[in-house]
Amino acid sequence: METNELKFLLKLLGCADYRTGLSSSTFSSFKGRDKICRDLGERELVDYSREIATVKILPPAQALLKLESADLPITDKERKVLDKLSKATAKIAPSEITSLKAAERGEILKSLSERGLIATEIKIQRIKAEVWLTERGIEFLRDEYIPNKGVNPAVSLDMLGNYLHFLRKNLRVKSEQVSGSLAISDEEILQIIQKLDQELGTENYLPIFHLRQKLQPPMSRNDLDQALYRLQKSDKIDLSSLQEVSAYTPEQIDAGIPQNIGGQLFFITVN
């Protein structure tokens with residue numbers, strides 16, 4: 001591991017939930033921090049906020065636009081996006097598609113990409129990008145990392161302190177998990193969601209931050225996220241993003257689940 005990569009990870013260990021803004025003061029001394037972040041991301045040690053940087057139309061979509069409107073398996077808004085892309089001579093930035101709001105545009109581009117109608121280039125989010133330690137990163141630093149012999153990484157006492165605190169916390173949590181003391185089933189989480197919704201009167205649109213306040217600790221942020229994904233996959237709940245941010249604080253919004261494309265998943269609906 002390169003020295004700057006190690007120092008990047010150790011700095012991240014000093015942040016709440018091992019997560020912070022990529023442009024925050026935490027990484028102000030790093031040259032090429034975006035590259036470091038991408039390189040660590042390729043090894044799945046960290047993940048970060050992403051966005052569609054450029055898009056271009058693909059031949060199947062060009063052929064689709066030649067069909068009669070009534071026969072098209074796409075919505076009117078999707079057709080307008082494809083029409084815009086078909087007139088471009090090269091790939092364009094999503095911001096050039098001005099007929100849609102950013103959140104809606106992101107969802108449409110994601111859908112078109114998944115159906116093989118457009119090609120997208122994904123990069124680090126330009127504004128307010130966040131970076132966070134992954135479960136794989138935690139496992140690597142806790143169980144596998146060994147300093148290279150003869151390398152002086154110039155690690156500060158603050159960084160060393162971050163690492164020691166991380167080890168004490170995660171080795172303790174690992175031991176507790178093995179003993180089963182932190183086991184909360186997905187069904188129990190579903191019942192807690194329903195109870196919180198009734199208590200708070202959120203009309204089956206429970207903001208995730210309420211659930212985090214209830215379950216973290218003993219659960220970690222990542223464990224709760226994975227439980228919610230499992231409940232969504234089994235069609236027990238739906239997760240939806242926040243459209244109007246003015247009603248919530250930045251801390252409450254940050255408690256959502258970041259997505260590579262689009263806004264944070266923020267509301268829980270029980271099916």
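# A first walk around a predicted model

The accessible surface of the protein comes to about 15800 Å², and 50% of that belongs to carbon and sulfur atoms. This is a predicted model.

Biologist: Let's start simple. How many helices and strands does the protein have?

Modeller: Take the box first: along the principal axes, the C-alpha atoms fill roughly 65 × 50 × 30 Å. Inside it, the protein has 11 helices and 8 strands.

Biologist: And what percentage of the residues in the protein is buried?

Modeller: A residue counts as buried when its relative accessible area is under 20%. The protein has 271 residues, and the buried ones make up 40%.

Biologist: What share of the contacts with a separation of 6 or more comes from residues 24 or more positions apart?

Modeller: Here we set aside any contact with a separation below 6. Of the contacts that remain, residues 24 or more positions apart account for 71%.

Biologist: How far apart are the centres of the positive and negative side chains?

Modeller: There are 38 positive and 39 negative side chains to place. The centres of those two sets lie apart by 6 Å.

Biologist: Now the inside. Which element gives the largest share of the largest nonpolar core?

Modeller: That core has 28 residues, and those with the most contacts inside it are Phe8, Val131, Leu133, Leu141 and Phe166. Elements giving two or more residues to this core are α1 (3-13), α2 (33-42), β2 (46-48), β5 (130-133), α6 (135-144) and α7 (157-179). The largest share, 6 residues, comes from α1.

Biologist: Phe8 was on that list. Which residues is Phe8 in contact with, leaving aside its neighbours within four places in sequence?

Modeller: Phe8 is one of the residues with the most contacts inside the core. With those neighbours left out, its contacts are Leu22, Phe27, Phe30, Arg33, Ile36, Cys37, Leu40 and Val131.

Biologist: Cys37 turned up there. How many disulfides are there?

Modeller: To count, two cysteine sulfur atoms must be within 2.5 Å. Cys15 is in no disulfide, as its nearest cysteine sulfur, that of Cys37, is 12 Å away. Seen from Cys37, the nearest one is that of Cys15, again 12 Å away. The count is 0.

Biologist: Are Cys15 and Cys37 buried or exposed?

Modeller: Cys15 has a relative accessibility of 13%, and Cys37 has 0%. The cut-off for buried is under 20%, so Cys15 and Cys37 both count as buried.

Biologist: Why is helix α9 said to be largely enclosed by the rest of the structure?

Modeller: Helix α9 covers residues 208-215, and its buried residues are Ile208, Phe209, His210, Leu211, Arg212 and Leu215. They pack against α8 (186-200), β6 (206-207), α10 (221-233), α11 (250-254) and β8 (265-270). The helix is largely enclosed because the buried residues number 6 of the 8.

Biologist: α10 is on that list, and Ala227 sits in it. Which residues is Ala227 in contact with, leaving aside its neighbours within four places in sequence?

Modeller: Ala227 is buried, with a relative accessible area of 0%. Leaving those neighbours aside, Ala227 touches Asp186 and Ile189.

Biologist: Two loop residues, Tyr18 and Glu44, have a positive phi although neither is a glycine. Is Tyr18 buried or exposed?

Modeller: Tyr18 lies in the loop between α1 and β1, with a phi of about 55°. Its relative accessibility is 9%, so Tyr18 counts as buried.

Biologist: And Glu44: buried or exposed?

Modeller: Glu44 is in the loop between α2 and β2, and its phi is about 65°. With a relative accessible area of 55%, Glu44 is exposed.

Biologist: How far is Lys31 from Asn4 in space, C-alpha to C-alpha?

Modeller: Lys31 is in the loop between β1 (19-21) and α2, and at 77% relative accessibility it counts as exposed. In sequence, Lys31 and Asn4 are 27 residues apart. In space, the C-alpha distance is 8.9 Å.

Biologist: One last pair. How far apart in space are Leu164 and Leu13, C-alpha to C-alpha?

Modeller: Leu164 is in helix α7 and counts as partly exposed, at 36% relative accessibility. Along the sequence, Leu164 and Leu13 are 151 residues apart. Their C-alpha atoms are separated in space by 9.6 Å.

Technical notes: Residues numbered from 1 in each chain as written. Predicted model: local features only at pLDDT ≥ 70, side-chain atom pairs only at ≥ 80, totals over all residues. Heavy atoms only, no water. Buried < 20%, exposed > 50% of the residue type's maximum accessible area, 1.4 Å probe, protein only. Core = buried A, V, L, I, M, F, W, Y, C linked by side-chain atoms within 4.5 Å. Helix = DSSP H or I, 4+ residues; strand = E, 2+ residues; numbered from the N terminus. Contact = heavy atoms within 4.5 Å. Areas by Shrake-Rupley, 256 points an atom, 1.4 Å probe, with all protein chains shown as cover. Lys, Arg positive; Asp, Glu negative; His and termini not counted. Charge placed at Lys NZ, Arg CZ, Asp CG, Glu CD.
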